[in-house]
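Visitor: I should like to go through this structure with you, one question at a time.

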Amino acid sequence: MDFTLSEEQQMFRAMFRDFSAKEVAPGAEEIDHEEKPPLDVLRKAANQGFLGATLPEDYFGAELDFVSYAMLIETLAGDCMSTAVTLATHVSLVAMSILGHGTDTQKEEWLPPMAAGEMIGCFALTEPDAGSDAMALQTHAAPDGDGYVLDGVKTWVANGGIAGLFLVFAAAPGGITAFVVEKDVPGLTVGYREPTLGLRGVAINTLYLEDCHVPAANRLGEEGEGWDIAQRALDRMAITLGAAGLGVAQAAVDVAAQFASERVQFGVPIAKKQAIQNHLADSLIEVEALRYLVYHGAWLVDQESDLTFDAAVVKAFAARVARSVTNRMLQVMGGYGYMEDYPMARKYRDARALGIIGGPTELQQVTVAQWIMASKDVEIAP
Amino acid sequence: MDFTFAPEHIALRRLVREFAENEMAPLAMEIDREGRVPFETLRKMAKIGLLGVCFPQKYGGMGAGETGYCILMEELGRVCTSTATNVGAHIGIGAMSIYLDGTEEQKQKYLMPLARGEKLGAFVLTEADAGSDAAAIRTRAVRDGNEWVLNGTKTFNTNGSFADVVTVMAVTDPTLGARGGMTAFIVEAGTPGFKVGTHENKMGIRGSSTAELIFEDVRVPHENVLGKVGEGFISFMKTLDMGRLTLGAACLGGAQAALETSVHWAKTRKQFGVALAHKQSVQWMIADMATEVEALRSLVYRVAWLVDTGQPFTQLAAMCKMYGSEVASRAIDVALQIHGGLGYSRDFPIERNFRDARISEIFEGTNEIQRIVIASNIFRQHGVRIRP
């Protein structure tokens, strides 16, 4: 066991903090209020190599270890969770799926432009009647000549509105299958942008596939491997979202602690009141527990272990911590916490997404219960 | 013991529910998006007597007492928290302060048009450096002959930007502090020097107005002193006690709505081949939520009964506000979770309810202040005096 960050990781972290403070923090409020996807930030992030954070240098990636990448997401989320989730979707869900399951040709074709930010990736799995029950998806992939014809509707597609590359899951004759669909392919239409409580800078859209012809060369993996590809991507994303939850929670503590040290009521800074101290202390206890859970999960990604159990644990706990910490920290700031002119209301709205996106907490509870019962020979269905 | 509502209260609930569903529900999303106060709704409420629901008929009210007022707030809170907030600020603290401490002349002159809804009221206390520590206000009132001259700036005033009649707390004797040095004044809008400052951009209750109010040499006749000079602190504590109870009632409505919509969605939404209602995770959520809603309901109407029968209720009113706001927040959080993505979308009411509900843990005294009130009442009975 060694809990220290390597010198390289410490250097990366300093660099992330510097980038985020300079390039992300100043525009965060505007991104939220104007519901503007963080395109400027993505361009600058691409210049730093962040859009190909975990990709090998062969594909112009930064070849970061996953712990460093988790710290990148954590840092960005502290300033702007919309930016963190946009980048996480691109890297964890899409680029790493192509890296993990693509042929050399596919990797050479798509990964360099993804790393350069010329193509932003989105992940199209959810459908109106297939939310938690993703396997119930109805989007159809019918074999047709040298490829497939895709038909169906995908909802809640994060990055849908800004994507150049769509990772689409559809039912082919051999089972659920993943396809890489490029923007501008006839039959692919990006529709309604979801107006959301938080994460307002994430372009979450509906996607329509109508007679959308995709060459067989764009199939990722074999027919029927789609479910496995999606699961692995969602497990990586769960840990990445855990890092975002850690970032937003830690930042909420920092903002509220500053406020509590300055706000005077009853003749003293409110930080002198035990009620406020307890809010802060309970929050930091949770944040620290989450921090090591997240870093451990990220380390497991690099060990190429099966992530199913740990990803569920990280995501469920991160959602709970981000929610409870932003809730308490908003309370510390009283009326000021409730005003949109201060960052806390945004953090509170953003943090609530973690209980839902990437699969609701209830699904992670099922996964953990399945894990516990596996050794007892009890099979658990969701 | 008798837990049944009187026939007139049952009729009142029917009236308000119908009004809320027909007149308020269709507007709730719009006023949130546009950030505007639904004056048209307030005018319609005035017409059917709801803006004076609790006051005696001789002062232009409906005479439904505190129980009737809680029924009103519960039903408004069930449909639109912004509108409940406007109404609560008008009746529960604005007009209420005059009802509790006004002279007969003040009641005729000010309470009557407020109760009839011809005029709208507000209660003005908070300042930038005096939030939870309300005794730290600095707005000054200096006597000048038969007038008082007010100077200061008040923040976070609900209804303040449009109210016709506001009750303002000011310091009349800085040497005495809160107890003895603070006085309440009735100030009419349009009085020279009384200006509206910046409007707050809030996360929720965006269909209510929260504004800064500026007093610059505002001259108020001595006859507009509410209660006795120097007794403002006692005056506002009494008023806020009433406001806390009815805020709890509005929270009850919000929690009730969350429960209803959750049950409906759990019945409708199918995943893994069955309605969510068949999943124990969801069943437990509903069971816990329903239990809390029922506990809150009993608390709210028990305290309303204490008020209507003239019994002490301060500690229990603080519990109504604190527990009510936390029950409502929990219930709406769970409703959002049950609805998944749709709960997080601004196209559905839960998202708005989630933003709206959060204010109740903060305004009308933060829940930390409520806990101080409750604890100090308990410890006082044991001979221990606690300070905030």
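Visitor: Which helices of chain B do the buried residues of H11(B) pack against?

Guide: This is a predicted model, in which local features need pLDDT of at least 70, side-chain atom pairs count only at pLDDT 80 or more, and totals for chains, interfaces and linings use all residues. Residues are numbered from 1 along each chain as its sequence is written, with chains lettered from A and ligands numbered from 1 in the order in which they are written. Helices (H or I, at least four residues) and strands (E, at least two) are DSSP runs, numbered from the N terminus. The packing partners of the buried residues of H11(B) are H1, H4, helix H7 (232-268), helix H9 (314-339) and helix H10 (341-344) of chain B.

Visitor: Why is helix H11 of chain B largely enclosed by the rest of the structure?

Guide: A residue is buried if 20 or more other C-beta atoms, placed from the backbone, lie within 10 Å of its own, exposed if 12 or fewer, and partly exposed in between. Those buried in H11(B) include Phe354(B) and the charged-class example Arg352(B). Helix H11 (residues 349-357) of chain B is largely enclosed because its buried residues number 9 of the 9.

Visitor: Which element gives the largest share of the side of domain 1 of chain B that touches domain 2 of chain B?

Guide: Domain bounds, from an automatic or database domain assignment, place domain 1 at 7-120 and domain 2 at 122-233. In contact (C-beta atoms, placed from the backbone, within 7 Å) are 25 residues of domain 1 and 18 residues of domain 2 of chain B. The largest share of the domain 1 side, 12 residues, comes from H4(B).

Conventions
Contact = placed C-beta atoms within 7 Å.
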